[in-house]
Amino acid sequence: TQSLQPQDQVVVSGQSVTLPCVIVGYRGMVQWTKDGLALGGERDLPGWTRYSLMGDPLSGEHSLLIDSVELEDDAVYECQATQAALRSHRAKLTVLVPPSDPVVEGGPVVRLKAHTPHNLTCRASGAKPAAEITWYRDGEVMETSIYSKTLMEDGKKESAVSMLPIIPEDSDSGRTYTCRVLNPAAPAGRQTSITINVQHPPSVTLSVQPQTVTEGAKVLFICSASANPEITGYRWSKGGVPISEANGDSLEVTVDYSYFTDPVSCEVSNSVGSTNVSTLVDVQFGPRLLSEPKPMTVDIGMDAAFTCAWTGNPPLTLAWTKQGSSVVLSNGNTLQLKAVTQEDAGTYTCKAIVPRIGVAERDVTLTVNGPPIITADATQHAVKHSKGKLECRVGSSPPPDKIVWTFGDMSLSSGTNGRYSVQTVTSDHGVLSSLVLSETLAQDFQLRYNCTAWNRFGTGTALVTLKEQEVIVILAILAVKGARLGESSALPLLQQTPKIRSSPVIYINVAEWGLQRNVQRYLLESLIRLLSVASLHVRPCYPSFREIRDNSQAVGCRIARMSIR
């Protein structure tokens, strides 16, 4: 009978193990089987270099010794007394294998991109059973890992993998992550540590000094950046257009209004990526026109609208006015005019005011199509027996198709009829029609003159009367050879001259002024201009002493020849 049988055992690979087998009173052959395969009956078990039978066979001791157990020794063993047909219990020998040192992918320094999710991966292979894996960050256990294991090709060992999801921040650079593995064969565990190097594109701050300036001032842009790995370059642009001459961390420029709307950008690069930061400058500038108002022509009764847009800094104020008036019609970009009349025609001004900086304006014209508008002085003047002229101006739009003067029983639109002729002149201010009388007679001052114009919108009329103009004759005695200073004896003679006798006469003895002749004449002509402003018909005369004494009729002719209105 067997007094000692083998039992199930667990052993760590590399250790030695003994499976006991004692059969008391048996002297025959004893052999062991491994998973049913006989190991042989010899005590030294040839062919199995690490296997041998231990004990005194005479005492029935046939224990199996296995040196330096390996995974292949993991099997079911049985002790058999073949001649006595005896078999021991089946004993399961379980061989434990410690895991290899853990391997963290990318170690010992793992380079990561900031703010980008990443899985730290630790592998422990060749273990039986599979290794347990624990992650630590700077000594603190991380509970968020994902664990998996797979059976290896030998069907006994297992490989374990643990992934630790992280989203690294810039501040995580330099942190230590440790992967610790253990199983029953290595209860003390094994570990591997790595350090993470968090790389990031440049962090950029763009400042401008000073922030608020006027046009033409210099400013300094400073591009401050930090990066891992190191910065490889700077690029500057304005409004998207590269500034080729700028390649450092600062840029000095002289600013104009465009820096208020076109941002200056600084792009900083390293091997991970690039960062672009932009800024505007608070440039103070006077009004600049963005949209110019367009002139309009509309028919009477229709609506009209003008639009103009300005920009400026500080914010501007806008005012629409009509030329000749200070009334503000609108403070917006658009001026609306409803159901316009001909009185609305004219020039409108869009004025922009930037406080403390400047003012600018644009004019735009509104033309209103309507019936002719005629302007004429109700009373016009002419000298009897001289050439006379009456005028009327048609200033509306569209231009007149026809202008007719009617007076007495006559009607004249162009050309000449007897003493009368019509002249028409077109200018930017309209059409000027003149009725010209070659010589005025007394009856011309008794008539009423009608100036009438037509266009497709209707007619317009103006009434004019012609009034006889009074003539003043100035007789000036200048200092001439043959005349004595203060000479006035010629006055009675001049007053008997026919052409002078019917007109008021002003006698001035300029010679008594004691001035040079050219100064005398200048002062006299200034007096004539003053009298002419008063709508008096002034005729200067500068007779010589001989003319006064010998030829008064020649004096009269000279007066007519030198007439000035």
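# Exercises on disulfides, backbone, cores and a pocket

Cys179 is buried, at 0% relative accessibility (buried: under 20% relative accessible area; exposed: over 50%; partly exposed: in between; 1.4 Å probe, protein chains only). The model is predicted, so local features need pLDDT of at least 70 and side-chain atom pairs need pLDDT 80 or more, while totals for chains, interfaces and linings use all residues. Residues are numbered from 1 along each chain as its sequence is written, and side-chain values use heavy atoms, without hydrogens and water.

## Exercise 1. The partner of Cys179

Task: Find the residue that forms a disulfide with Cys179, and place both in the chain.

Solution.
- Step 1. Search for sulfur pairs (a disulfide is a pair of cysteine sulfur atoms within 2.5 Å). Cys122 is the partner, with the sulfur atoms 1.8 Å apart.
- Step 2. Take the torsion. It is -80° about the S-S bond of Cys122 and Cys179, and the link is left-handed.
- Step 3. Locate the ends (strands are DSSP runs of E, at least two residues, numbered from the N terminus). Cys122 sits in strand S14 (residues 118–127) and Cys179 in strand S19 (residues 176–183). The pair links distant parts of the chain, 57 residues apart.
- Step 4. Check the exposure of the partner. Cys122 is buried too, at 0% relative accessibility.

## Exercise 2. The other disulfides

Task: Count the disulfides, give their pattern, and describe two further pairs.

Solution.
- Step 1. Count. The whole structure holds five disulfides.
- Step 2. Number the bonded cysteines along the chain. The pattern reads 1-2, 3-4, 5-6, 7-8, 9-10.
- Step 3. Take Cys21 and Cys79. Their sulfur atoms are 2.0 Å apart. The torsion about the S-S bond is about -70°, so this disulfide is left-handed.
- Step 4. Place this pair. Cys21 is in the loop between S3 and strand S4 (22–23), and Cys79 is in strand S9, so the bond ties together parts that are 58 residues apart in sequence. Cys21 is buried at 0%. Cys79 is buried at 0%.
- Step 5. Take Cys392 and Cys451. Here the sulfur atoms lie 1.9 Å apart. Cys392 belongs to strand S38 and Cys451 to strand S44 (residues 448–455), so the pair ties together parts 59 residues apart in sequence. Cys392 is buried at 1%, and Cys451 is buried at 0%.

## Exercise 3. Backbone exceptions

Task: Locate the cis bonds before Pro108 and Pro210, and the positive phi values of Ser68 and Ala339.

Solution.
- Step 1. Recall the baseline. Most residues other than glycine have a negative phi, and most peptide bonds are trans.
- Step 2. Read omega. Gly107 to Pro108 is cis, with omega near 5°. Gln209 to Pro210 is cis, with omega near -10°.
- Step 3. Place the prolines. Pro108 lies in the loop between strand S12 (103–104) and strand S13 (109–113). Pro210 lies in the loop between strand S20 (186–209) and strand S21 (212–214).
- Step 4. Read phi. Ser68 has a phi of about 45°, and Ala339 has a phi near 45°.
- Step 5. Place these two. Ser68 is in the loop between strand S8 (63–66) and strand S9 (75–81). Ala339 is in the loop between strand S33 (334–337) and strand S34 (346–354).
- Step 6. Check exposure. Ser68 is partly exposed at 38%, and Ala339 is partly exposed at 43%.

## Exercise 4. The nonpolar cores

Task: Identify the residues of the largest nonpolar core that touch the most other members.

Solution.
- Step 1. Build the sets (a nonpolar core is a set of buried Ala, Val, Leu, Ile, Met, Phe, Trp, Tyr and Cys residues joined through side-chain atoms within 4.5 Å).
- Step 2. Rank the contacts. The largest core has 23 residues, and Trp32, Tyr51, Leu64, Ile66, Tyr77 and Leu93 touch the most other members.
- Step 3. Assign elements. Two or more residues each come from strand S3 (17–19), strand S5 (30–34), strand S7 (51–54), S8, S9 and strand S11 (91–96). S9 gives the most, four residues.
- Step 4. Look elsewhere. Another core, apart from this one, has 22 residues, including Leu390, Tyr420, Leu435 and Cys451.

## Exercise 5. The largest pocket

Task: Describe the volume and lining of the largest pocket.

Solution.
- Step 1. Set the grid (1 Å, over the protein atoms alone; a pocket is an open set of points where a 1.4 Å probe fits, with protein on both sides within 12 Å along at least five of seven lines; lining residues have an atom within 4 Å of a point).
- Step 2. Take the volume (the space filled by probe spheres set on the points, which are joined across faces, edges and corners). It is about 450 Å³.
- Step 3. List the lining. Of its 18 residues, Gly395, Ser396, Asp428, His429 and Gly430 are closest to the centre.
- Step 4. Assign elements. S34, strand S35 (358–369) and strand S38 (388–394) give two or more residues to the lining. S35 has the largest share, four residues.
- Step 5. Sort by class (nonpolar: Ala, Val, Leu, Ile, Met, Phe, Trp, Tyr, Cys and Pro; charged: Asp, Glu, Lys and Arg; polar: the others, Gly among them). The lining has five nonpolar, 11 polar and two charged residues.
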